[in-house]
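Student: I should like to take a close look at one part of this protein, its largest nonpolar core. Could you please describe that core and then the surroundings that help me to place it?

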Amino acid sequence: MKIKRMVQGTALAALAAAAWMGAGSDASAAIQVSDISYSGDTILDVNSSDDDTLEIMVGIAKGADKDKAKVSAWDVYEGSDACVDLSKMNVTKDAYLAVKTDKDEIPVFVKIDAAPKTLKAELNSGTGEVVFKVNGTATTNVEAYGLGHFSQDNKGEKKFYINETLQYQGATKYWCVPGNEYDTTDKKNIKTIKDLTDDKKNGKDATLVTIGQFPSKQAKLSIPKQANGPAVNVDYVKGTVKVKAGVEVRTVGDSISGTTDNTAIVGKTVPVGDLFKPQVFKTEDGKSDITLPENATLEVRVAAKTDGKGKAASKWTRVAIQKPQEVTSDIDASGATSPSTKSAMKFKVSSSAVSEASIEVKYTADKKGVANGGLVIDNKAGYAIDYVISSTTPAPNDKGVVTGSKTIKAAKNATLKKLSDGNKIWIRISGDKTKKQWASAWKEFHTVAQPKAEQAK
């Protein structure tokens, strides 16, 4: 009886040993380095090449940096593949993991190199260029989605520029250095270490493969907000625009002109009509002249500064401009055919900006009824008119003032004195600041021809 029990015990022990050895033998071949992959992000993929794999185990390997690794706990993934999330790992330190299946005795150890610790981005707000630095060294190997784009300068160098629109209100953006995937067939990435998990004294030979490098933590880049645009001195009454020095201008009409600092208009007070002259503005490619429609927009901004950290150009200040409207002046047949001291000559005056109205002209006389060099202009319109005596088309001086120009308010009159025959009187419809209505173009209105004494009687 004792012999029988002894034989049975021996047989069971042999079977157990064989089973263990069989499992160990299968396990040695179950997990391969080629079954483990890493693409440089926060995921480690394991796909066992052994179809009989029931479980995949992954654990933190302590001491692997000193070539003696030990695993104290395993995460168990059921099935022959596992997607291991690494997002909680400290990417600034090297990570060591152990991977095996339920058929393995000895795991494959995996190392993922630490990401760079020091990240810095230097922005030149004036040019929009960003220089990325990793551990103090400039690099173009970055991920900066939604931040900007790489392009080559005229020397063929690869440079990064932010999207200009991010400067409108300012922005906070993030960037990082992407992770790397290493060639695990390269011998320099593979070495042998000791696995002390089950044999604390001697350990067992195991493979350690350096599989890649972590992506860095995200680094912040603050983009300053553009300053508000400069003030533009607009005088609707005088029909002038004053653009201060040191700014850039462009126009928006049927198209957007190129940006310019044209000294013909920048730093000066100019008639609004000058902005509509050919040669003042060019297309964006600078090859042909811009012809503006009668109504357009002048845009003005402070130019960008590129020295040092730079400063972005300011926002555009937008001013609606209008080509000075032509004035029509027709004789009203209901009045005299020529002005005298006795009767007024009536004119119908209008422009595309205002409705038709009447202006009457009559010469003044002395007590004897003789014309004495005076002329009354009676403005019966519902808007003001300007007048000036000039032998040529009136033009403003450097301060935007037409010398000698005076204004007759709506439903008012003015008396011009000391006139001589041949004097030319010009008029225009005055601008209106409240309505943001520009002054019209000047119109030659009347040439002085005082009535003879006999006509005055």
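Tutor: In this predicted model, the largest nonpolar core has 24 residues. Those with the most contacts inside the core are Ile359, Leu375, Ile377, Tyr383 and Leu416. Two or more residues are given to this core by each of the strands β26, β27 (357-365), β28 (371-379), β29 (385-389), β31 (413-416) and β32 (424-429). Of these, β27 supplies the largest share, four residues. In soluble globular proteins, nonpolar side chains tend to be buried together.

Leu375 deserves a closer look. Apart from neighbours within four places in sequence, Leu375 is in contact with ten residues that can be followed along the chain: Val361, Lys362, Tyr363 and Thr364, then Ala414, Thr415, Leu416 and Leu419, and finally Ile425 and His446. Leu416, one of these partners, is also among the residues with the most contacts inside the core.

Strand β26, which contributes to the core, also contains Phe347. The rings of Phe347 and Phe445 have centres 4.5 Å apart and planes at 50°, so this pair is tilted, since the edge-to-face class begins over 60 degrees. Phe445 belongs to strand β33 (residues 443-447), so the pair ties together parts that are 98 residues apart in sequence. Both rings belong to buried residues: Phe347 has 5% relative accessibility, and Phe445 has 8%.

Phe347 is also touched by Asp332, as are Lys346 and Lys348, when residues up to four places away in sequence are not counted. Asp332 lies in the loop between β25 (328-331) and β26 (345-350). Although buried, Asp332 has no salt bridge. The nearest side chain of opposite charge, that of Lys348, is 4.4 Å away, whereas a salt bridge must be within 4 Å.

Elsewhere in the chain, Phe132, Phe150, Phe160 and Trp175 form one aromatic cluster.

Finally, consider how far the model may be trusted. The mean pLDDT of the protein chain is 89, and 92% of its residues reach 70 or more. Residues 1-29, however, stay under 50, and the model has ten contacts beyond four places in sequence for them. Where pLDDT is low, the predicted coordinates should not be read in detail.

Definitions and conventions: Residues are numbered from 1 along each chain as its sequence is written. This is a predicted model: local features need pLDDT of at least 70, side-chain atom pairs count only at pLDDT 80 or more; totals for chains, interfaces and linings use all residues. Side-chain values use heavy atoms; hydrogens and water are left out. Buried means under 20% relative accessible area, exposed over 50%, partly exposed in between (1.4 Å probe, protein chains only). Lys and Arg count as positive and Asp and Glu as negative; His and the chain ends are not counted. Contact means heavy atoms within 4.5 Å. pLDDT is the predictor's confidence in each residue, from 0 to 100. A nonpolar core is a set of buried Ala, Val, Leu, Ile, Met, Phe, Trp, Tyr and Cys residues joined through side-chain atoms within 4.5 Å. Rings of Phe, Tyr and Trp (its six-membered ring) pair if their centres lie within 6.5 Å; planes under 30 degrees apart count as stacked, over 60 as edge-to-face and the rest as tilted.
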